Amino acid sequence: MRTARGTARSNPVIALLAALATLLGLVALGALGPTTAQAQERADEPAPKQARSADTAAATGLHISDGRLLEGNGNDFVMRGVNHAHTWYPGETQSLADIKATGANTVRVVLSDGHRWTRNGPAEVAGIVDQCKANRLICVLEVHDTTGYGEDAAAGTLDHAADYWISLKDVLTGEEDYVIVNIGNEPWGNTNPEGWTAPTTAAVKKLRTAGFAHTIMVDAPNWGQDWQNVMRTNAQAVYDADTTGNLIFSIHMYSVYNTAAKVTDYLNSFVDAGLPLLIGEFGGPADQWGDPDEDTMMAVAEQLDLGYLAWSWSGNTDPILDLTIDFDPSRLSSWGERIFHGVNGIAQTSREATVFGGGNPGDTQAPTAPGTPTSSAVTATSTALTWAAATDNVAVTGYDVVRVSSGSETAVAASTTNSATVTGLTADTAYTFAVYARDAAGNRSTRSATVSVRTAKDGGTPGAGCSVGYRVVGDWASGFQGEITIRNTGTTTLNGWTLGFAFANGQTINNMWGGTPTQSGGTVSVTPASYTASIAAGSSVTVGFTAARGASNTAPTAFTLSGAACAKA
């Protein structure tokens, strides 16, 4: 599901489905089986047990205490960031600075130990760590060669990965404040996943014996998704085997986690047991295997103060999971917009590590309240808000825009400046908005005064200049995956739109991300998601979908946007 362009890496979800025939008996016992397996949730889970605290006095750098990831100074650190496929794209060195500019506080960097791809040597890894530090990012380093061991014949072992880390010990020693060692990516497939426990424990012990004091991260089996609960069941035993207590577990959440109940159950099981956990990879766009519930993943991670690292910055063979198009930070995909600017996204929730000087743990003074917001550019589905900037004794780092309704609040936008555009609104509807300011220490201001807005009655922006690109990015016997890129070729921002086109061969859309489809026969109408509703002049948004098809799959020949004909891109 997460492959680099040009690699031969197999799709873990395909492998998951291929293994189902032999695993159905086991699935019935697992808590989080794929939708296609119709697995029942498992009732048993690890008995609640407080995780052993690391010796805080002896802690050097990032460490675990009472089930939480802390910095060396004791500050609670919650990872908010993305994955970056360095080993396949070693020339994309600007990406770390671009990732930081989104507000991320962490980057997980893909490396190779040489078993499957070109080995990243000590000098190269030292350079990556230096770049992370220069860009004020906590650096999670991971070996990707282990992906799907036991099912993918090309995968390497955790023992081989541990030897690779030991070869880098001189480079990594002293970087415990800045670096987390993720021993191996998704180090077991779906075949006999119970085999994950022993080599994972052995690899952790091998690194500790070699003198590593870093926080170590371990990925789950089942291609990272642990749908048979092997990691969940054995986590306490693996944790107890680490004499330092500085071990954190990583769950990867894709189409297995397609309901709020599955997401909430899994994350809470670790928190209830006092065991440290983060979402080390996750995706949101739907595909032919299911539709991950990324909204719940992000919301529950924020509620429980768990880290999350979205997959991935750019360069996927299947580009629906690219947060940016061709590594260009000015061309965010709809998935990127969701991660960086959406509710519970990075701009709204990320706090820089205090080791870089941001978020002074001694800073307890909140910013002043922002000025009363004013509304402009009101359409049927959006409005622009501006407000007078807040002040702070150190610095204001961002603003949170909330909708106020019947005494409750709902976060609707986040910004690092004193303006934001709220999208996804309903036509001819009254709304009330207010703004909070926050600083790097996480102090939040009192709420600003409110502004009331009524959206316009009509929808869209008819007559706007546009171009539309359509392509098939995946094809199989009875269906396909498509992608539609809508570009605003006009001179003003498009706020709200309706895309129209027609299929000629009876194609039927099953799932869509970045928009909501309505289909009658071959005629399709698409309205935007909240994070794709606004298209700045010269910018574009991407809508992806999966669909059923027959023998022919002719591409649509004409597109309209809010009733206006668009050029073909």
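This is a friendly chat about a pocket, a helix pair and two buried residues in a predicted model.

Reader: Hi! What should I know about the model before I start?

Author: This is a predicted model, where local features need pLDDT of at least 70, side-chain atom pairs count only at pLDDT 80 or more, and totals for chains, interfaces and linings use all residues. Residues are numbered from 1 along each chain as its sequence is written, and side-chain values use heavy atoms, with hydrogens and water left out.

Reader: Thanks! How much space lies in the largest pocket?

Author: About 990 Å³. A pocket here is an open set of points on a 1 Å grid over the protein atoms alone, where a 1.4 Å probe fits, with protein on both sides within 12 Å along at least five of seven lines. The volume is the space filled by probe spheres set on the points, which are joined across faces, edges and corners.

Reader: And which residues are the closest to its centre?

Author: Glu337, His341, Thr421, Thr423 and Tyr531, out of 40 that line the pocket. Lining residues have an atom within 4 Å of a point.

Reader: Which strand gives the largest share of that lining?

Author: Strand 16, with six residues. Strands are DSSP runs of E with at least two residues, helices are runs of H or I with at least four, and both are numbered from the N terminus.

Reader: Let's switch to helices. At what angle do helix 6 and helix 7 pack?

Author: About 35 degrees, with their axes 11 Å apart. The axes are lines fitted to C-alpha atoms over the stretch in contact, and angles run from 0 to 180 degrees between N-to-C directions.

Reader: Which residues make the contact?

Author: Thr197, Thr200 and Thr201 come from helix 6, while Val230, Asn234 and Val238 come from helix 7. Contact means heavy atoms within 4.5 Å.

Reader: Where is proline 193, then?

Author: In the loop between strand 6 and helix 6. Beyond its neighbours within four places in sequence, proline 193 is in contact with Trp188, Pro221, Asn222, Gln228 and Val230.

Reader: Why does proline 193 count as buried?

Author: Because its relative accessibility is 1%, and buried means under 20% relative accessible area, with a 1.4 Å probe and protein chains only.

Reader: One more: where is phenylalanine 270?

Author: In helix 8, residues 260-272. Phenylalanine 270 counts as buried, at 2% relative accessibility. Its C-alpha atom is separated by 8.9 Å from that of glycine 67, although the two are 203 residues apart along the chain.

Note on methods:
Buried < 20%, exposed > 50% of the residue type's maximum accessible area, 1.4 Å probe, protein only.
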